[in-house]
Amino acid sequence: FRPEMLRLQADTALALGRTDAPTARAQLEAAMALAREQSAVALEFRAACSLARLLDRNGERPKAREVLRAAYGAFTEGHETRDLRAGRQLLGELSR
């Protein structure tokens, strides 16, 4: 669950103003990479959603879409789970 811990740390630190965007981005990218190494696609997807939100807030909407689209595309089933529904909704918002 290390990737999830990294994601939560980045999200929490950003929300509390205890970190800057580049540091949080590095943490989220590390969470994604670690999850990928562990073949933990659900944890990678959660980190991708957090990274996409951060990128969008920082004016990098095309990159946010790219990150999230790639992570969402890894799933062939389970599209009605809470995480994937939320990710699909976020992807829709990023596509506007």
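Below is a short back-and-forth on a predicted model, about how its labels follow from its numbers.

Me: Why is Arg7 called buried?
Reply: The cut-off for buried is under 20% relative accessible area, and Arg7 comes in at 13%, so buried is the label it gets. Arg7 sits in helix α1, residues 2–15. Leaving out residues up to four places away in sequence, Arg7 touches Leu28, Ala31, Arg46, Ala47 and Ser50.

Me: What makes the Arg7 and Glu4 side chains a polar contact?
Reply: The limit for a pair of N or O atoms is 3.5 Å, and these two side chains meet at 2.8 Å.

Me: How do you know that Arg46 and Glu4 form a salt bridge?
Reply: The rule wants a side-chain nitrogen of Lys or Arg within 4 Å of a carboxyl oxygen of Asp or Glu. Here the N to O distance is 2.9 Å, so the pair qualifies. Arg46 belongs to helix α3 (residues 41–57) and Glu4 to helix α1, so this bridge ties together parts 42 residues apart in sequence. Glu4 is buried at 10%, while Arg46, at 29%, is partly exposed. Both belong to a salt-bridge network with Arg7, Asp11 and Asp83.

Me: Which other pairs pass the salt-bridge rule, with Glu44 in one and Asp56 in another?
Reply: Glu44 pairs with Arg36 at 2.9 Å, N to O, and Asp56 with Arg61, their closest N and O atoms being 2.8 Å apart. By this rule the count comes to 10 salt bridges.

Me: Why is Glu44 called buried but Arg36 partly exposed?
Reply: Partly exposed is the band between the 20% and 50% cut-offs. Arg36 has 46% relative accessibility, so it falls in that band, whereas Glu44 has 13% and therefore counts as buried. Asp56 at 26% is partly exposed, and so is Arg61 at 29%.

Me: How do you know that the span of α4 agrees with what is expected for a helix?
Reply: Helix α4 covers residues 61–72, and at 1.5 Å a residue its 12 residues should span 16 Å; the end C-alpha atoms are 16 Å apart, so the two agree.

Me: What puts the buried residues of α4 on the same side?
Reply: The buried ones are Ala64, Val67, Leu68, Ala71 and Tyr72. They cover an arc of only 125 degrees around the axis, so they share one side of α4. In general, an α-helix has 3.6 residues a turn, so residues three or four places apart point the same way. The buried residues of α4 pack against α2 (21–37), α3 and α5 (82–94). Exposed Pro62 and Ala70 are on the face turned away from that buried side.

Me: Why is the Phe45 and Tyr72 pair called tilted?
Reply: Ring centres must lie within 6.5 Å to pair, and tilted is what remains between under 30 degrees (stacked) and over 60 (edge-to-face). These rings are 6.1 Å centre to centre with 50 degrees between the planes, so tilted it is. Phe45 lies in α3 and Tyr72 in α4, so the pair links parts 27 residues apart in sequence. Phe45 is buried at 1%, and Tyr72 is buried at 16%.

Me: What makes Phe45 and Phe75 edge-to-face?
Reply: Their centres are 5.5 Å apart and their planes stand at 80 degrees, so they pass the over-60 cut-off. Phe75 is in the loop between α4 and α5 and Phe45 in helix α3, so this pair ties together parts 30 residues apart in sequence. Both are buried, and Phe45, Tyr72 and Phe75 make up one aromatic cluster.

Conventions:
Residues numbered from 1 in each chain as written. Predicted model: local features only at pLDDT ≥ 70, side-chain atom pairs only at ≥ 80, totals over all residues. Heavy atoms only, no water. Helix = DSSP H or I, 4+ residues; strand = E, 2+ residues; numbered from the N terminus. Buried < 20%, exposed > 50% of the residue type's maximum accessible area, 1.4 Å probe, protein only. Polar contact = N/O pair within 3.5 Å; in protein donor to acceptor, adjacent residues only side chain to side chain. Contact = heavy atoms within 4.5 Å. Expected span 1.5 Å × (residues − 1). Arc of directions from axis to C-beta. Phe/Tyr/Trp six-rings, centres within 6.5 Å; stacked < 30°, edge-to-face > 60°.
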